[in-house]
Amino acid sequence: MQSGKNLVVITDLDGTLLDHYTYRFTAARPALDLLAKLDIPLILNSSKTAAELLSIRETLNNHHPFIIENGGGIYLPKGDDYEVIALGTPREDFLPVVSRLKNDLQLKFRGFSDMTDEELSEYTGLSQQESHNARKRDFTEPLLWQDNETSLRTFSVELAKHGLQATQGGRFIHISGITDKGKSVAWLRDYYKRLLNNSIYVIALGDSPNDIEMLNNADFAIVIRSPVHEPLLIKKDNLLVSEHFGPEGWNESINLCLEKLNII
Ligand SMILES: [Mg+2]
């Protein structure tokens with residue numbers, strides 16, 4: 001049995017806590033309230049930017065650390081401000097490489113840096129302000145892939161030669177340095193261990209391939225079922241696959257997991 005004190009929940013957003021189509025989290029409200037009541041920190045771990053996550057945290061009334069851009073950076077609250085831990089390669093350092101490879105390999109894709117706020121809104125259904133926040137990136141470049149799988153493999157091989165990688169997210173291919181959502185989980189484990197002078201027990205929730213490392217680094221992994229692809233295949237002892245999609249599945253799985261751990 002785990003006491004509520006050393007439990008930490010780390011969650012993906014799009015398609016996991018937020019509905020894939022509407023970005024709403026209403027269905028997860030009861031489980032969110034339950035975590036708050038039990039004083040269990042909820043840490044957002046997303047491919048989204050700091051600007052986007054700050055806005056979502058406000059909506060969720062969340063005051064915990066958060067992980068931006070697929071593990072590229074960790075924001076730790078310090079009074080009214082944040083300490084930023086950079087784990088990824090700065091985007092401005094690798095954008096020229098992406099652009100050169102696009103040209104050399106004659107690839108077809110649109111990166112966030114090629115798009116206007118309006119264009120991104122068209123692809124995502126986000127408002128213009130939300131698109132603006134989504135384009136303020138520090139560690140990743142999402143691409144709308146308009147080419148075939150073979151080209152993507154060739155591109156990935158070339159990226160690797162530059163210490164870069166392409167990761168499949170819910171809608172976009174994310175270009176970044178060699179970091180992932182899992183490394184940020186490991187970093188936070190150490191952080192909480194120092195802070196609490198005790199080990200933490202990590203429950204993680206995700207739906208897409210870019211969540212696999214995070215789920216593998218958790219003590220209890222929850223795969224959230226997606227309306228657009230098959231559930232992730234993960235081999236792990238403490239594993240749960242939700243019955244419902246997105247926030248509904250989130251709500252159901254948090255309850256089930258806390259029951260299994262004898263917390264509720
Ligand atoms: Mg997702």
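Serine 113 counts as partly exposed because it has 15 C-beta neighbours inside 10 Å. Keep in mind from the start that the model you are looking at is a predicted one. You'll find serine 113 in the loop between strand 6 (109-111) and helix 4 (117-124). Leave aside its neighbours within four places in sequence, and serine 113 is in contact with Leu95 and Glu141. Leucine 13 is another story: its C-alpha atom is separated from that of serine 113 by 22 Å, and the two residues are 100 residues apart along the chain.

**Two domains**

Now zoom out. The protein is divided into domain 1, which takes in 4-87 + 180-260, and domain 2, which covers 91-177. Taken over C-alpha atoms, the centres of the two domains are separated by 24 Å. Where they meet, 16 residues of domain 1 are in contact with 13 residues of domain 2. On the domain 1 side of that contact, helix 2 (residues 50-60) gives the most, with 3 residues. What kinds of residues does the side of domain 1 that touches domain 2 have, by class? There are 10 polar and 4 charged residues, plus 2 nonpolar ones.

**A closer look at helix 2**

Helix 2 has a buried side, made up of Ala50, Glu52 and Leu53. Look down the axis of helix 2 and these buried residues fall within an arc of 150 degrees, so they line one face of the helix. The face turned away from that buried side carries the exposed residues Glu58 and Thr59. What do the buried residues of helix 2 pack against? Their partners are strand 2 (42-45), strand 3 (66-68), strand 4 (73-78) and helix 5 (128-134).

**Helix against helix**

Two packed helices are described by the angle between their axes and the distance between the axes. Try that on helix 1 (residues 29-37) and helix 9 (residues 246-260): they pack at an angle of about 40 degrees, and their axes are 7 Å apart. That angle makes helix 1 oblique to helix 9. If you want to find the contact on screen, look for Pro30, Ala31, Leu34 and Leu35 in helix 1, which meet Trp250, Asn251, Ile254 and Asn255 in helix 9. The residues of this contact divide into 6 nonpolar and 2 polar, with no charged ones.

**Positive phi angles**

Most residues other than glycine have a negative phi. So here are some residues worth clicking on:

| Residue | Phi | Place |
|---|---|---|
| Asparagine 61 | about 55 degrees | just after helix 2 |
| Glutamate 69 | near 45 degrees | loop between strand 3 and strand 4 |
| Asparagine 262 | about 60 degrees | segment after helix 9 |

Is glutamate 69 buried or exposed? Glutamate 69 counts as buried, because it has 27 C-beta neighbours inside 10 Å. Asparagine 262 counts as exposed, with 9 C-beta neighbours inside 10 Å.

**A few more residues to visit**

Aspartate 19 lies in the loop between strand 1 (7-11) and helix 1. Why is aspartate 19 called buried? Aspartate 19 has 20 other C-beta atoms within 10 Å, and a residue is buried if 20 or more lie within that distance. Not counting residues up to four places away in sequence, aspartate 19 touches Arg24, Gly246 and Pro247. The C-alpha atoms of aspartate 19 and glycine 249 are separated by 10.0 Å, and these two residues are 230 residues apart along the chain.

Tyrosine 192 is found in helix 7 (residues 181-196). With 19 C-beta neighbours inside 10 Å, tyrosine 192 counts as partly exposed. Which residues does tyrosine 192 touch, not counting residues up to four places away in sequence? They are Val8 and Ile200. Tyrosine 192 and valine 8 are 184 residues apart in sequence, and 9.3 Å apart in space, C-alpha to C-alpha.

Last stop: valine 157, which lies in helix 6 (residues 149-160). Valine 157 counts as exposed, because it has 10 C-beta neighbours inside 10 Å. From valine 157 to tyrosine 23 it is 33 Å in space, C-alpha to C-alpha, and 134 residues in sequence.

Notes. Residues numbered from 1 in each chain as written. Predicted model: local features only at pLDDT ≥ 70, side-chain atom pairs only at ≥ 80, totals over all residues. Domains from an automatic or database assignment. Contact = placed C-beta atoms within 7 Å. Helix = DSSP H or I, 4+ residues; strand = E, 2+ residues; numbered from the N terminus. Nonpolar A, V, L, I, M, F, W, Y, C, P; charged D, E, K, R; others polar. Axes fitted to C-alpha atoms, helices over the stretch in contact; angles between N-to-C directions. Parallel < 35°, antiparallel > 145°, perpendicular 65-115°, else oblique. Buried ≥ 20, exposed ≤ 12 C-beta atoms within 10 Å, placed from the backbone. Arc of directions from axis to C-beta.
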